[in-house]
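Work through the exercises below with the sequence and the coordinates open. Each task is followed by a solution in steps.

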Amino acid sequence: MEILTGKWKFHIIGSLMLFEKLRFMELLREVDGIGAKMLSKELQDLEMNHLIRRTVLNTKPLTVEYELTDCGRTLGPIIDEIAKWGITYRNTLYHRTEISESVV
């Protein structure tokens with residue numbers, strides 16, 4: 001769990017699952033609210049843990065692409081289940097709030 005801690009890692013991984021390969025600026029636009037410094041740190045952590053692959057392309061200026069590794073892709077079902085749980089949990093809380101308000 002320590003590898004996936006933090007506010008942004010699931011969103012970064014989810015974006016890479018959706019788009020397969022993204023450049024740094026594309027990820028910065030995709031992950032709403034993250035700053036460039038934080039994105040850079042999170043990408044370094046994910047790369048260090050072999051969940052993403054960083055590829056430097058020989059272009060001018062240099063282009064860097066990020067993609068999930070095979071190990072990173074195995075997180076897909078886990079993230080899907082956590083998302084389903086979150087939706088169910090939110091709906092349960094919302095439904096309870098509606099019931100409480102209607103009783104008052």
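The coordinates are those of a predicted model.

**Exercise 1.** Determine whether His50 is buried or exposed, then locate His50 among the helices and strands and inspect its phi.

Solution.
- Step 1. His50 has a relative accessible area of 58%. The cut-off for exposed is over 50%, so His50 is exposed.
- Step 2. The loop between helix 3 (36–48) and strand 2 holds His50.
- Step 3. The phi of His50 is near 60°, which is positive although the residue is not glycine. Most residues other than glycine have a negative phi.

**Exercise 2.** Carry out the analysis of Exercise 1 for Glu20: where does Glu20 lie, and what is its phi?

Solution.
- Step 1. Glu20 belongs to the loop between helix 1 and strand 1.
- Step 2. Its phi is near 70°, again a positive value in a residue other than glycine.
- Step 3. The relative accessibility of Glu20 is 60%. With exposed set at over 50%, Glu20 therefore counts as exposed.

**Exercise 3.** Find the order of the strands in the sheet and state which strands lie at its edges.

Solution.
- Step 1. The sheet is open and has three strands, in the order 1-3-2, with antiparallel pairing.
- Step 2. Strand 1 (21–23) and strand 2 (52–57) each pair on one side only, and these are the edge strands.
- Step 3. From one strand to the next, the twist averages 30°.
- Step 4. Helix 1 (residues 9–19) packs on the sheet and touches strand 1, strand 2 and strand 3. The direction of helix 1 makes about 95° with that of strand 3.

**Exercise 4.** How many bridges join strand 1 to strand 3, and how many pair strand 2 with strand 3?

Solution.
- Step 1. Strand 1 and strand 3 (residues 63–68) run antiparallel and are joined by three bridges. Lys21 stands opposite Glu67, and Leu22 has Tyr66 as its bridge partner.
- Step 2. Strand 2 pairs with strand 3 over six bridges, also in the antiparallel sense. One bridge partnership links Val56 with Val64 in strand 3.
- Step 3. Strand 2 and strand 3 make a hairpin, with five residues between them.
- Step 4. Pro61 is located in the loop between strand 2 and strand 3. The peptide bond from Lys60 to Pro61 is cis, with omega near -10°. Most peptide bonds are trans.

**Exercise 5.** Which residues of strand 3 are buried on each side, and what is the nearest side chain of opposite charge to Glu65?

Solution.
- Step 1. In a regular strand the side chains alternate between the two faces of the sheet.
- Step 2. On one side of strand 3, Thr63, Glu65 and Glu67 are buried; on the other, Val64, Tyr66 and Leu68 are buried. Thus six of the six residues of strand 3 are buried.
- Step 3. Glu65 is buried and has no salt bridge. The nearest side chain of opposite charge is that of Lys21, 4.1 Å away. A salt bridge requires a distance within 4 Å, so this pair does not count.
- Step 4. Beyond four places in sequence, the contacts of Glu65 include Leu22, Arg23, Arg53 and Arg54.

**Exercise 6.** Determine whether Lys9 is buried or exposed, and find the polar contact made by its side chain.

Solution.
- Step 1. Lys9 is placed in helix 1.
- Step 2. Its relative accessible area is 5%. Buried means under 20%, so Lys9 is buried.
- Step 3. The side chain of Lys9 makes a polar contact with that of Glu42, at 3.0 Å.
- Step 4. Residues up to four places away in sequence aside, Lys9 touches Ile3, Leu4, Glu42, Asp45 and Leu46.

**Exercise 7.** Describe the surroundings of Ile34 in sequence and in space.

Solution.
- Step 1. Ile34 sits in the loop between helix 2 (24–30) and helix 3.
- Step 2. At 8% relative accessibility, Ile34 counts as buried.
- Step 3. Ile34 and Lys7 are 27 residues apart in sequence, and their C-alpha atoms are 9.3 Å apart.
- Step 4. With neighbours within four places in sequence left aside, Ile34 is in contact with Trp8, Ile12, Leu28 and Leu39.

Methods: Residues are numbered from 1 along each chain as its sequence is written. This is a predicted model: local features need pLDDT of at least 70, side-chain atom pairs count only at pLDDT 80 or more; totals for chains, interfaces and linings use all residues. Side-chain values use heavy atoms; hydrogens and water are left out. Two strands pair if DSSP finds at least two bridges between them. Helices (H or I, at least four residues) and strands (E, at least two) are DSSP runs, numbered from the N terminus. Axes are lines fitted to C-alpha atoms, for helices over the stretch in contact, and angles run from 0 to 180 degrees between N-to-C directions. Contact means heavy atoms within 4.5 Å. Buried means under 20% relative accessible area, exposed over 50%, partly exposed in between (1.4 Å probe, protein chains only). Lys and Arg count as positive and Asp and Glu as negative; His and the chain ends are not counted. A polar contact is a pair of N or O atoms within 3.5 Å; within protein, one must be able to donate a hydrogen and the other to accept it, and residues adjacent in sequence count only if both atoms are side-chain atoms.
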